[in-house]
Amino acid sequence: METVESKVKDQLDVFALREQFPVLAREVHGKPLVYFDNAATAQRPLKVIEAMDDFYRRYNANVHRGVHQLSVEASEQFELARDSVRRLLNANSVREVVFTRGTTEAVNLVAQAYLRPRLKSGDEILITHMEHHSNIVPWQLLCEQTGAVLKVAPINKQGELLVDELASMINERTKLIGMVHVSNALGTINPVEEVCRIAGKHDVPVLVDGAQATPHMAVDVQALGCDFYCVSAHKMYGPTGIGALWAKESVLEEMPPWQGGGEMITRVSFDGTTYNDLPHKFEAGTPNISGAIGFGKAVEFLEETGYEGIVWQEERLLDYATEKMQAIEGLTIIGTAQHKGPVVSFTLEGAHPNDIGTIVDHYGVAIRTGHHCAMPVMQFFDVPATARVSFAPYNLRNEIDIFLEALDKARNMLA
Amino acid sequence: MGLDQLYQQVILDHNRSPRHYRRLEGATHSARGRDALCGDDILVELRLVEGLIEEAAFSGEACAITTASASMLMDWLPGRCPEAVLTAYEKFRDLLDDPASADCPELGPMNGLRAVSGFPARVRNALLPWRTAIEGLQRARGPAESRCD
């Protein structure tokens, strides 16, 4: 008998993929776990878990400091991970890849070390209405510090960026454009390349929040034409607490250090300090070594799985869920962009997202409810919160059926 | 505690047709309670006369647990003084902390909300109406002398 999943096998062996994720075998409230909260954080494959375990078991040491063997091995693996991230983004050189705690820290680094010295009162920072708080608040802080003004490019009812409107908002006061590549709350995939082309004509740098992009699509920072690209490992099957900032070497060279401490110096005296080379200039203190190693392995995991198969499976899941959910009376999908990642945000008449979340959890289904750290998006669609399912390639269409059954129970219970 | 206890009939009934769900004319005390994370946003309005709550109402948008808790609380408040509300709040919190604790007769149907203790992520929903009411009472307390005895 030909099943849905045997067809999937042609493109991506989803069951073999699932074997790599031990957590998927567990039960929740006596039911098999259905993990649909991948946009909040994805699960980790064995490759990542074992590499981090191996570091602590066999060669835990500080990096770039010791002459002893363990430190040499740790430094080697740490820098190999950096090269993996370079490959992930198709960056020119590892000197362009700065490890951070995640996307949020990367945005803050650019705000404070790049933009702040260039900003004067009345200058403008342009972002979009669909940004995550991590690409709003750092700029608001910067505006408070400098007297600059935050401008917001509008979106339409489908949750798509109005590029022409954005273009018309660029002027001689615009000092940076910050935009999300893939919206976590709506799923919208933004035309980053087009915006970069427009911004380039005005010599305005573009920062891209790529946290939700790298799990789902090949990213090439050179082809995109952006100036800064920020990522988080945990959204793409790596550990939490580690991410990266990419920027061109010449830009990073010009920027002053952000935080001071060990690792980011070459010589310190009380008369003055010489800063370390790129990218270490921006990595003060002992870094998250195991995190970086895990991050590197997450990149390898994506390379081995292949974006082609990932996209193929995720599109199937998105199409299937969208079709089924559209047919549910009283259900409204928030975010219906033409180009969309595997995210379905929704509201259901008579059922608050919070109650939906609790009830489907009882059936083993993990979904996200609330504002998704994108409160301006909620305000735009005039909803206090939404429920959201977000998929990874290890999810199955019959898991969507389980979720829909649970959703039906929630609706009946609350009706 | 199972899902059926959390969403038991009495709670669902209060959610479907919340009591005292309206704006209160002549309110002397009010506060807005928001849970940014899950989107609950309620307004609690109280009218105090000579240190006693005469009338209580709430409005806004919230999940079933917050709505039911607010509905029951608004039912319970009239005739009480601010100190009594604070004392009862302690008892209510104990109830949500320990599912094995004995019923608190004073809290009446609100004892049904103890099932929330089995859903730690939802405890704050049951508490929100209480916290909001207390904030309202404390904020404009001033000359509104209590008549607790």
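## A cis proline and two positive phi angles

In this predicted model, A:P279 sits in the loop of chain A that runs between strand 12 (272–275) and helix 11 (289–305). The peptide bond between A:L278 and A:P279 is cis, with omega at about -5°.

Two residues that are not glycine have a positive phi. In chain A this applies to A:E263, where phi is about 70°. A:E263 belongs to the loop between helix 10 (249–254) and strand 11 (265–269) of chain A. A:E263 has 17 C-beta neighbours inside 10 Å, so the residue counts as partly exposed. In chain B, B:E50 has a positive phi of about 50°, and B:E50 lies in the loop between strand 2 (40–49) and strand 3 (52–61) of chain B. B:E50 is exposed, because 10 other C-beta atoms lie within 10 Å and the cut-off for exposed is 12 or fewer.

## The sheet of chain B

Strands 1, 2 and 3 of chain B form an open sheet in the order 1-2-3, with antiparallel pairing. Strand 1 (29–35) and strand 3 of chain B are at the edges; each has a single partner strand, so one side of each has no neighbour in the sheet. On average, and with direction ignored, neighbouring strands of this sheet are turned by 15° against each other. Seven bridges link strand 1 of chain B to strand 2 of chain B in the antiparallel sense. B:S30 has B:E45, in strand 2 of chain B, as its bridge partner.

Two helices of chain B lie across these strands. Helix 3 (residues 64–76) of chain B crosses strand 2 and strand 3 of chain B, and runs at about 160° to strand 3 of chain B. Helix 5 (residues 123–139) of chain B lies across strand 1, strand 2 and strand 3 of chain B, at about 145° to strand 1 of chain B.

## The seven-stranded sheet of chain A

Chain A has an open sheet of seven strands in the order 4-10-9-8-7-5-6, and the pairing is mixed. Its edges are strand 4 (97–100) and strand 6 (149–153) of chain A, each with a single partner strand, so one side of each is left without a neighbour in the sheet. The average turn between neighbouring strands is 20°, direction ignored.

Strand 9 (residues 228–232) and strand 10 (residues 243–247) of chain A run antiparallel and are joined by five bridges. Here A:Y229 stands opposite A:W246 of strand 10 of chain A. Helix 5 (residues 103–115) of chain A packs on the sheet and touches strand 4, strand 7 (174–180), strand 8 (206–209), strand 9 and strand 10 of chain A; its direction makes about 35° with that of strand 10 of chain A.

## A helix pair in chain A

Helix 13 (residues 353–362) and helix 15 (residues 397–414) of chain A pack at about 125°, with axes 9 Å apart. Helix 13 of chain A is therefore oblique to helix 15 of chain A. The crossing of helix 13 and helix 15 of chain A is right-handed.

Helix 13 of chain A contributes A:D355, A:I356, A:I359 and A:V360 to the contact, while helix 15 of chain A contributes A:F403, A:A406, A:L407, A:K409, A:A410, A:M413 and A:L414. By class, the residues of this contact are nine nonpolar, no polar and two charged.

## Contact between the chains

In the contact between the chains, 15 residues of chain B meet 14 residues of chain A. The side of chain B that touches chain A is made up of 10 nonpolar, two polar and three charged residues.

Conventions: Residues numbered from 1 in each chain as written. Chains lettered and ligands numbered in written order. Predicted model: local features only at pLDDT ≥ 70, side-chain atom pairs only at ≥ 80, totals over all residues. Contact = placed C-beta atoms within 7 Å. Nonpolar A, V, L, I, M, F, W, Y, C, P; charged D, E, K, R; others polar. Helix = DSSP H or I, 4+ residues; strand = E, 2+ residues; numbered from the N terminus. Buried ≥ 20, exposed ≤ 12 C-beta atoms within 10 Å, placed from the backbone. Pairing = 2+ DSSP bridges. Axes fitted to C-alpha atoms, helices over the stretch in contact; angles between N-to-C directions. Parallel < 35°, antiparallel > 145°, perpendicular 65-115°, else oblique. Left-handed = near helix turned anticlockwise from the far one by under 90°.
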